[in-house]
Amino acid sequence: MSALAQTRERDGNGWQNPSHRGAGYIGSHTYLALKQAGYEVVILDNFGNAQADVPDRLAQLTNAPVTCITGDVRNGALLDQVFADHDIVAVVHFAALKSVGDSMKMPLTYLESNLGGLLTLLAAMERAGCRRLVFSSSATVYGLPDQTPTPETAPRQAMNPYGKSKILGEEVLEHLVATDPSWAFGILRYFNPAGAHGSGLLGENPKDTPSNLMPFVAKVALGELPLVQVFGNDYPTPDGTGVRDYIHVEDLAHGHVLSLSALIADGKSHLVNLGTGQGHSVLEIIAAYSDACGQDLPFEIAPRRPGDVPVYCAETEKAKELLGFSTRKSLADMCQSSWTWVQNAATR
Ligand code: UFG
């Protein structure tokens, strides 16, 4: 699990000083995007699911030192110290556990980590007088949506403890801002993040066998796993396999910059989907990755995975309207950048 970090605009306006986390997959890409946008950032990460050399790679990519504190977002005393040491005006909070399957086995661990982490962070922010937060939510809050593409107005429905932890997180933030309007939150519902940084130096590198499709396919392409199991081909989708809205992690990172900048500029809360609006099936992903790596990747049809839904696809108008967000990268970009990254990671 990773945590938070902090930011200041380079122009020296101390009040413009947001905070975000991370050395993890999305956090590290967001760090770069924030730096490119002119923010100073402090990372807090417990390196539970991030590699120790990510800060070095971020330093290499930005040609600047990286401020990274190793610690846990559930440590309130540590957070107080971070807020005391740095002039933080906002936080981007990624730190969470994210496996649906694990959450079924360890529901309390998930609630304690995801909800407990958020509450500890909010309390520290309150003590520090910092009331701007971007929150990592997920399409999982839609449960089994009856409408695709799915708009933000669709009802929330928890299918598992992971989903419940994200719904509760959103509700806490909504409740807080309704009670005290000096808070402002950017709630970002990610669809399926995929791909890696164009430099080949950053990407997803799960410590265990991946449960998500794209990193699993990548390991098959590397020859580390024998074949892809396609979980079900009898869904009500064009080829019968599950459809998801895959979004390039660099586009997703850009969404965080827009959200943070909007919170700082106008102090108004927003809740948006971050996706492309376009769905791709499991078979399409295997075919696109096969093109990227230059070999036909082996797969077999397996039974449905319990808890999976047929289709997740984002309605994207609201993010465009409120934040000016749109995606730039294609599925081919996601597969190509992932392939470059995993080959680099394998030789490091
Ligand atoms: N799939 C396979 N084989 C695999 C892995 C996945 O066929 O080995 C299929 C799944 O059945 C699904 C699709 O590929 O149809 C995508 O599965 P992922 O595990 O990559 O992603 P999910 O959509 O299940 O979940 C991800 C995140 C969640 C988040 C959700 C939002 O893991 O945290 O996206 O869309 F909530």
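The exercises below work through one sheet, the nonpolar cores and one loop residue of a predicted model. Local features need pLDDT of at least 70 and side-chain atom pairs count only at pLDDT 80 or more, while totals for chains, interfaces and linings use all residues. Residues are numbered from 1 along each chain as its sequence is written, and side-chain values use heavy atoms, without hydrogens and water.

**Exercise 1.** State the strand order of the four-stranded open sheet and place helix H5 on it.

Step 1. The order is S3-S4-S5-S10, with parallel pairing (strands are DSSP runs of E, at least two residues; helices are runs of H or I, at least four; pairing needs at least two DSSP bridges).

Step 2. Strands S3 (91-93) and S10 (270-274) are the edges, each pairing on one side only.

Step 3. S4 (132-138) and S5 (184-190) are joined over seven bridges, and Ser136 stands opposite Leu188 in S5.

Step 4. Helix H5 (107-128) packs on the sheet and touches S3, S4 and S5 (contact: heavy atoms within 4.5 Å). The direction of H5 makes about 170 degrees with that of S4 (lines fitted to C-alpha atoms, for helices over the stretch in contact; N-to-C angles from 0 to 180 degrees).

**Exercise 2.** Describe the largest nonpolar core and name the helix with the largest share.

Step 1. This core has 38 residues (buried Ala, Val, Leu, Ile, Met, Phe, Trp, Tyr and Cys joined through side-chain atoms within 4.5 Å).

Step 2. Among the residues with the most contacts inside it are Ile26 and Leu260.

Step 3. H8 (249-266) supplies at least two core residues; its share, the largest, is eight residues.

**Exercise 3.** Locate Val73 and classify its exposure.

Step 1. Val73 lies in the loop between S2 (67-70) and H3 (76-85).

Step 2. Val73 counts as buried because its relative accessibility is 0% (buried: under 20% relative accessible area; exposed: over 50%; partly exposed: in between; 1.4 Å probe, protein chains only).
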